[in-house]
Amino acid sequence: MLRHPGYLKGLVFCALLGIPVSLIAFWFLAGIHQLEHIIWVSWPHDLGHHDAPWWWALPMAMVPAVGTTLVVLYLPGRGGHVPAGGLHAGGASASWIPGVVLAAACCLPWGVVLGPEAPLIALGGGLALLFRNLLRLPSTPASTMLLAAAGSASAISAIFGNPLVGGILLMEVSGVGGTQLLALMLPALLASGVGSIVFTGFGRWTGLQTGSLTLDLPKPPRLDTGDVVWSVLMAAAIGVAVHYILALGRHVAVRVAPRPLPMIAVFTAGMALCITLYALATGRSPADAALSGQNALAQLAKDPHAWPVGALVAVLAFKGLAYAFSLGSLRGGPIFPSLFLGGAAGVLLAPLPGFGVVPAMAAGMAAAASAALRLPVSSVVLVTLLVGHAEALPVIILGAVVALIVAELLPPGPPVPPFPGE
């Protein structure tokens with residue numbers, strides 16, 4: 001396969017393709033990040049508030065409700081896959097790009113409890129196919145799969161803080177094996193590496209931030225029996241909780257599919273109400289329970305003791321419910337909120353005898369990501385790179401595997417239905 005001239009030309013094209021795709025993805029993420037800062041920091045300050053007031057999520061929810069409904073009803077691709085159905089590596093096309101970008105812009109910065117990874121996968125894959133069509137290159141099912149995977153990997157190469165995660169994530173999502181895995185692996189890793197270089201260079205040149213996920217966790221002490229035992233028990237509990245959050249999200253999607261016009265607005269209002277109730281119950285900023293949880297997770301890792309027990313319990317309950325409503329009715333990705341919920345559960349349970357904060361957060365994040373995505377390898381690699389210490393790797397693996405097994409043994413929720421006309 002590696003000696004085939006067509007495949008080698010494809011690798012070169014994927015490397016070159018990574019440059020424009022990652023540039024567009026950079027500006028897309030930078031725009032989302034800047035808009036989020038304006039909505040949740042600048043506007044409250046301009047109105048005389050130190051943080052967003054408790055009612056802030058309610059008026060902000062009007063934008064995702066209206067924007068998502070219009071995209072679902074009138075644009076090709078309906079804004080991308082319903083996030084309650086999990087990540088998808090296929091199905092994107094060039095015609096999806098306007099709807100995916102518009103839906104993400106109407107959802108992600110306005111408080112929706114979803115992340116940017118699914119829109120980036122669809123955007124990168126669609127851009128890759130668009131460039132192929134513009135250059136009038138030959139189209140085959142195999143080349144379409146390879147180019148879409150390379151474009152997606154290039155687009156998401158920087159949001160996890162490491163290009164390796166993007167390549168592995170796309171390979172595991174695709175579900176291929178054998179020679180097909182090797183054929184997909186090389187262009188995905190190559191485009192991911194090129195994309196990461198472009199992201200890094202443009203970030204330094206422009207001074208703009210794209211919100212890549214990085215944590216500042218101290219090096220944990222050597223793991224002991226308490227860390228292992230509590231990690232396994234916590235992972236089982238997280239597996240159950242996340243499974244039923246996703247099942248609720250699929251039930252929401254069942255309600256939304258036949259009647260998107262009223263039902264998207266209903267569940268978006270429910271999401272905003274959960275965020276508002278969190279702020280009222282805790283006296284803290286509603287931003288804790290809103291958005292993807294990326295910034296909140298970094299703050300939690302930096303100073304876990306700044307979160308009292310009541311706030312941790314409230315954010316798990318209200319953000320978890322808002323996450324379910326978002327999964328079934330709006331557009332975005334499921335990874336970042338699951339990581340935050342797992343990390344918050346770890347901090348909540350860290351005071352248990354013999355349990356440390358770093359192992360608890362690491363195992364919690366791995367368990368939640370694995371239960372949400374059903375992608376254990378990607379979850380282990382992602383959390384290991386985020387933690388930055390190999391000492392926590394045993395509990396990360398245990399957390400991911402135990403949560404996945406528990407979630408798979410539970411009754412599945414309803415399948416995500418297609419929208420009328422699909």
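In the predicted model described here, the largest share of the lining of the second largest cavity, three residues, comes from helix α15, where helices (H or I, at least four residues) and strands (E, at least two) are DSSP runs numbered from the N terminus. The model is a prediction, for which local features need pLDDT of at least 70 and side-chain atom pairs count only at pLDDT 80 or more, while totals for chains, interfaces and linings use all residues. Residues are numbered from 1 along each chain as its sequence is written, and side-chain values use heavy atoms, with hydrogens and water left out.

The structure holds two cavities of 30 Å³ or more. A cavity is, on a 1 Å grid over the protein atoms alone, a set of points where a 1.4 Å probe fits but cannot get out, and lining residues have an atom within 4 Å of a point. Grid points are joined across faces, edges and corners, and a volume is the space filled by probe spheres set on the points. By this reckoning, about 50 Å³ of space lies in the second largest cavity, and its lining is made up of F160, V165, L169, I335, A369, L373, S378, S379 and L382. At least two residues of this lining are supplied by each of α7 (163-174), α14 and α15. Sorted by class, the lining has seven nonpolar, two polar and no charged residues, given that Ala, Val, Leu, Ile, Met, Phe, Trp, Tyr, Cys and Pro count as nonpolar, Asp, Glu, Lys and Arg as charged, and the others, Gly among them, as polar.

One of the lining residues, I335, lies in helix α13 (residues 335-349). With a relative accessibility of 1%, I335 counts as buried, a term that means under 20% relative accessible area, with exposed meaning over 50% and partly exposed in between (1.4 Å probe, protein chains only). Leaving aside neighbours within four places in sequence, I335 is in contact with L87, E117, F160, L169, L373 and L382, where contact means heavy atoms within 4.5 Å. The C-alpha atoms of I335 and A118 are separated by 8.8 Å, although the two residues are 217 residues apart along the chain.

For the protein chain as a whole, 16 helices and zero strands are found, and 55% of its 422 residues count as buried. Among contacts between residues at least 6 apart in sequence, 81% join residues that are at least 24 apart.

The packing of one pair of helices can be followed in detail. The axes of helix α9 (residues 225-256) and helix α10 (residues 260-282) come within 8 Å and cross at roughly 145 degrees; such axes are lines fitted to C-alpha atoms, for helices over the stretch in contact, and the angles run from 0 to 180 degrees between N-to-C directions. In this contact, V252, R255 and V256 of α9 meet P260, M263, I264 and F267 of α10, and the residues involved divide into six nonpolar, no polar and one charged. Helix α10 also holds T276, which at 3% relative accessibility counts as buried and which touches W54, A57 and L58 when residues up to four places away in sequence are not counted.

Salt bridges were identified as a side-chain nitrogen of Lys or Arg within 4 Å of a carboxyl oxygen of Asp or Glu, and by this rule the count comes to two. In one of them, the side chains of R284 and D288 meet at 3.0 Å, N to O; R284 is partly exposed at 24% relative accessibility, whereas D288 is buried at 9%. The side chains of E408 and R374 also meet in a salt bridge, at 3.0 Å from N to O. This pair links distant parts of the chain, with E408 in helix α16 (residues 393-409) and R374 in the loop between α14 (357-373) and α15 (376-387), 34 residues apart. Both partners count as partly exposed, E408 at 48% relative accessibility and R374 at 26%.

The backbone of R374 is also of note, since this residue has a positive phi of about 60 degrees although it is not a glycine. A positive phi, near 65 degrees, is likewise found at L291, a residue other than glycine. L291 is placed in the loop between α10 and α11 (294-302) and is buried, with a relative accessible area of 8%.

Conventions
1 Å grid on protein atoms, 1.4 Å probe; cavity = no way out; pocket = protein on both sides within 12 Å on 5 of 7 lines; lining within 4 Å.
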